[in-house]
Amino acid sequence: MVVPQLRAMAWGTAGGRAFGENGGMAQRAQRAHLGGDELEVFARGLPKAEVHVHLEGCIPPRVAAEAAKRHGATSPVTLEDGHPKIETLRELLDYLDWSCGLVDRAEDLAEIGRSTSQRLAASGALYGDVIVNPTHWPHWRERRGAMVDALAAGFTAGEREGGARIGLCVSLKRQQSERDALAVVSWLIEERPERVVALSIDGDESAGSHSGRFREAFGLARRAGLHRCAHAGESSGPDGVREAIELLGAERIDHGVRVVEDPALVRELAERRVPLDVCPTSNVVLGVVPSFGSHPIDRLRQAGVRVSLNTDDPELYGIDLAGEYVRAAATFGWGVEDLGALARTSIESSFADEPRRQAMLESLDGYLEGWQAG
Ligand code: HPA
Ligand code: ZN
């Protein structure tokens, strides 16, 4: 098991090296900065959750390549080591339609589920809220129940092997009709698949994506006890974020980074403690922000907004969650306290049930104490 081993390394050696000879408790202040291997070890072992990751972006290149071969299909975009070269949200969504459209076997869905649970654990995640949008999976459109069952079997297998616990956020598509959206929610309410924790909405938030059309669907989900999250402030501006909160009753905003265009809304999010599920590398790749260094995540934190770090579509970008913590820490000069706070927000804002959330917070506290004790 990767995680405990790394954790033992972190506690056993890195703490001492981090804070130097005369580093008493005071100097081992939580603000301590990390670098190199030590940062990598700390970030990978840090107990955390991932709350913004799409199943569609978690198809292992091997599974995609084999399915493409079976169907005699070729990728619509260039592949580099199995990862597609994508530069815009439109290209991403088209690629997802293509790759998910190849998956017609329950065993492949189970493998995607299993490897997703494992991938999260390899980054120190104990839990993941995984978004799945049925519109990307044409072979399963009329068999949503069978799709969720196959995924659940994969998640269970992954968890048994030490993987992260997974909750599913079933997603509507921004361009969907109200009728189609209500059909998905009615199914969720009637069937109540055990793995499903939330209703979500993703896709292109620009033209024709108005939240008013999805208000009733989200209201039904809330009344049925499902959590709610919404993509907003990625391909929409601050108004999209406001609508997601006010019309859809979203508890968390996926991305949300374009709120920086509206300082009053930034203050409001901080006051209302609305968490943003931020994915910096995804934002850079898709051109939402020009570079990692200019990403607003640091400014949002300084303004008191609760943010978590996430990967969005790890297999498309060739990234993992721990790597995002490392990259962000190295870019913004974040130390132990900062990364600990991000991990805490990821856990607190997750849709894991309360006992699991408490257990994860205890793991996090234990890890941070162990690290500081050196
Ligand atoms: N934004 C919107 N929809 C998506 C994304 C994203 O980043 N990834 C997969 N579907
Ligand atoms: Zn997303």
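Aspartate 81 is exposed in this predicted model, because 6 other C-beta atoms lie within 10 Å of its own and a residue counts as exposed at 12 or fewer. Aspartate 81 sits in the loop that joins β2 (79-80) to β3 (83-84), and its phi is near 55°, a positive value in a residue other than glycine. Most residues other than glycine have a negative phi. Arginine 192 also has a positive phi, near 45°; this residue belongs to the loop between α7 (178-191) and β6 (196-202) and is exposed, with 11 other C-beta atoms within 10 Å.

Turning to the sheet, eight strands with parallel pairing form an open arrangement in the order β1-β4-β5-β6-β7-β8-β9-β10. Its edges are β1 (48-54) and β10 (307-309), each of which pairs on one side only, and neighbouring strands are turned against each other by 25° on average, direction ignored. Within the sheet, β7 (residues 227-232) and β8 (residues 252-255) are joined in the parallel sense by four bridges, and cysteine 229 has arginine 252 in β8 as its bridge partner.

Two helices that lie across strands are set out below.

| Helix | Strands crossed | Angle |
|---|---|---|
| α8 (residues 215-223) | β5 (165-173), β6 and β7 | about 150° to β7 |
| α16 (residues 354-373) | β1, β4 (125-132) and β5 | about 135° to β4 |

Ligand 1 is surrounded by His54, Glu56, Gly57, Leu89, Leu92, Asp202, Gly203, His231, Glu234, Ser282, Asp312 and Asp313. By character, this shell divides into two nonpolar, five polar and five charged residues.

Methods
Residues numbered from 1 in each chain as written. Chains lettered and ligands numbered in written order. Predicted model: local features only at pLDDT ≥ 70, side-chain atom pairs only at ≥ 80, totals over all residues. Near = placed C-beta within 6 Å. Nonpolar A, V, L, I, M, F, W, Y, C, P; charged D, E, K, R; others polar. Helix = DSSP H or I, 4+ residues; strand = E, 2+ residues; numbered from the N terminus. Buried ≥ 20, exposed ≤ 12 C-beta atoms within 10 Å, placed from the backbone. Pairing = 2+ DSSP bridges. Axes fitted to C-alpha atoms, helices over the stretch in contact; angles between N-to-C directions. Contact = placed C-beta atoms within 7 Å.
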